[in-house]
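Okay, thanks everyone for coming. I'd like to walk you through one model today, so let's put it up on the screen.

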Amino acid sequence: MGQFKPFSGSPRSIVGMPDQGEWIARDARVVWHGFTQMAAYPNNSPVIVDRAEGREVIDVDGNRYLDAISSLWVTTLGHRVPELDAAARDQIDRVAHSTLLGNGNRVVIEFAEALAQLVPVENPHFLFASDGAAAIEQALKIAFQYWTNIGVEGRNTYLAFGGAYHGDTIGSLSIGAGGFGTDIFDPLRFAVLRAPGFDTPNAIDLAIEMIVENAASLAAVVIEPLVQGAAGMEMLPAGEFAKLGVACRENDVLLICDEVATGFGRTGTLFASEQCGLTPDLLVIGKGITGGYLAMAATVANERVYSAFLGDDLGPRTFYHGHSYSGNALAAAVALRHLELISEWGVLANVNERSLQLRALLNEKIAARPEVKAIRLQGLMCGVELAPPLEGLRWGRRVCASAVAQGVLLRPLGDVIVLMPMLTTTADEVIRIVDVLDLAIAEGTR
Ligand SMILES: *Cc1c(COP(=O)(O)O)cnc(C)c1O
């Protein structure tokens with residue numbers, strides 16, 4: 001018997017008797033899964049996780065899967081990292097949560113101080129939230145109120161990019177490019193200026209033209225620096241981005257960098273903005289912030305933005321916004337230890353080494369396959385785009401199902417196979433991922 005006790009009242013299965021099927025049925029009866037058609041869910045062989053070790057998750061039947069999507073891009077160092085487990089346990093003996101609305105918490109201060117040394121934001125101030133979308137929402141509202149606070153009128157729209165994904169709340173959906181079946185909400189989305197996506201090579205130049213023309217109505221420009229994750233790992237060279245920052249500054253428009261996916265080492269630097277030469281007015285972080293342990297996100301404001309909100313107590317310059325679990329102490333304790341481990345373990349060096357290895361292996365084994373249209377890789381964010389001859393073949397789904405059956409957990413974005421190994425992944429694991437992908441493409445596209 002493992003450390004995980006069965007849910008009270010449910011009989012533990014007899015050792016050796018598979019019970020995944022029963023768990024799937026119970027799951028489908030009461031849990032509504034995000035981005036998932038529940039009528040099809042039980043037949044898509046979902047993995048029901050019981051526990052995890054390192055970079056593997058283990059299902060209720062004891063089968064192991066290499067987690068090659070980092071639990072949807074959040075897990076950085078691994079599952080059940082002893083140091084992170086200890087940080088959570090130590091904090092739980094102090095306090096799990098205390099509100100940041102009007103009061104402070106010691107470990108949150110320590111974490112914010114440590115992160116302040118590392119974010120590409122000038123004199124940063126952290127407004128915490130629980131999810132990326134909520135932190136994006138905060139950034140949009142802060143950018144909007146900033147102009148009101150400094151007495152400038154008419155700055156009431158945003159420039160965002162084609163292919164952009166910033167989360168699922170109405171505000172973040174509005175600056176996102178749509179798709180993913182979210183078109184039904186179009187009547188609720190507010191209008192924004194839309195630059196081309198990163199699949200357009202001169203997207204940044206076109207965006208800059210739009211900034212120059214529309215500066216007087218723009219509250220902010222919102223961009224995913226370097227990699228548009230959910231668009232299918234669309235990327236532009238790092239050198240393309242710096243001029244966007246210059247254009248924002250010269251035209252007096254705020255710059256919001258959404259690093260929810262790219263932050264905390266995923267692209268080979270701690271933040272992608274560093275490679276891009278961007279120092280945003282507002283930086284949005286989430287996903288990897290706690291190493292994948294707990295729900296935490298943050299909106300990071302520079303001095304210019306932050307100081308515009310200073311004024312009289314209870315006065316109109318105040319930012320009247322705040323989430324219940326903002327700055328959760330347990331999450332902050334894990335996030336603080338996580339930051340230390342990234343540097344103590346030389347994690348970024350591993351990301352860059354494994355990235356080179358992954359590129360070489362994909363070029364050798366996958367790139368020439370006729371079923372593959374393109375391979376895009378930056379750090380350990382990778383998209384292998386398939387080229388189905390017809391619509392509706394669900395190649396992405398079928399290739400990933402084959403990989404899962406071989407013990408490597410993958411999840412596609414349409415017909416783009418996402419490879420997002422953890423930042424501590426080993427050379428052997430990279431070899432295994434590519435070997436399994438090779439077989440899975442053969443099987444899933446048959
Ligand atoms: C995942 C993601 C979000 C939304 O974060 P959630 O925590 O899922 O709300 C926002 N922006 C980007 C770039 C993301 O990848």
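**Valine 60, the ligand and the empty spaces**

Let's start at valine 60: leaving out residues up to four places away in sequence, Val60 touches Asp19, Gln20, Trp23, Ile48 and Asp50. And yes, this is a predicted model, so keep that in mind throughout. Where does valine 60 sit? In the loop between β2 (56–59) and β3 (64–67). If you want a ruler for the fold, take valine 60 and leucine 380: they're 320 residues apart in sequence, and their C-alphas are 29 Å apart in space.

Okay, on to the ligand. Which residues surround the ligand? Going along the chain, we have Trp73, Asp131, Gly132, Ala133, Tyr165, His166, Gly167, Glu224, Asp258, Val260, Ala261 and Lys287. By class, that shell has five nonpolar, three polar and four charged residues.

For the docking people, here are some backbone distances. A polar backbone atom of glycine 132 is 2.7 Å from an oxygen atom of the ligand. For alanine 133, a backbone N or O atom lies 2.8 Å from a ligand oxygen. At tyrosine 165, a polar backbone atom is 3.5 Å from a nitrogen atom of the ligand. Taken alone, the ligand exposes 380 Å², and the protein buries 84% of that.

Now the empty space. Rolling a probe the size of a water molecule over the atoms shows where space is left. How many cavities of 30 Å³ or more does the structure hold? Two.

The largest cavity has about 60 Å³ of space. Tyr165, the residue we just met beside the ligand, is back here: among the 14 lining residues, Tyr165, Leu173, Gly178, Phe180 and Thr182 lie nearest the cavity's centre. The lining has six nonpolar, seven polar and one charged residues.

The second largest cavity comes in at about 30 Å³. Its lining includes Arg55, Leu66, Asp67, Met422 and Glu429. β3 and α14 (427–444) are the elements that give two or more residues to that lining. By class, we get five nonpolar, one polar and three charged.

Last stop, the second largest pocket, with a volume of about 980 Å³. It's lined by 32 residues, and the closest to its centre are Leu100, Phe126, Leu127, Tyr306 and Phe319. α4 (106–116), β4 (125–129), β12 (297–301) and α10 (303–307) each put in at least two lining residues. The split there is 19 nonpolar, eleven polar and two charged.

That's my tour, happy to rotate things around.

Conventions:
Residues are numbered from 1 along each chain as its sequence is written. This is a predicted model: local features need pLDDT of at least 70, side-chain atom pairs count only at pLDDT 80 or more; totals for chains, interfaces and linings use all residues. Side-chain values use heavy atoms; hydrogens and water are left out. A residue is near a molecule or strand if one of its heavy atoms lies within 4 Å of it. A polar contact is a pair of N or O atoms within 3.5 Å; within protein, one must be able to donate a hydrogen and the other to accept it, and residues adjacent in sequence count only if both atoms are side-chain atoms. Accessible areas come from the Shrake-Rupley method with a 1.4 Å probe; for residues, only the protein chains shown count as cover. Ala, Val, Leu, Ile, Met, Phe, Trp, Tyr, Cys and Pro count as nonpolar, Asp, Glu, Lys and Arg as charged, and the others, Gly among them, as polar. On a 1 Å grid over the protein atoms alone, a cavity is a set of points where a 1.4 Å probe fits but cannot get out, and a pocket is an open set with protein on both sides within 12 Å along at least five of seven lines; lining residues have an atom within 4 Å of a point. Grid points are joined across faces, edges and corners, and a volume is the space filled by probe spheres set on the points. Helices (H or I, at least four residues) and strands (E, at least two) are DSSP runs, numbered from the N terminus. Contact means heavy atoms within 4.5 Å.
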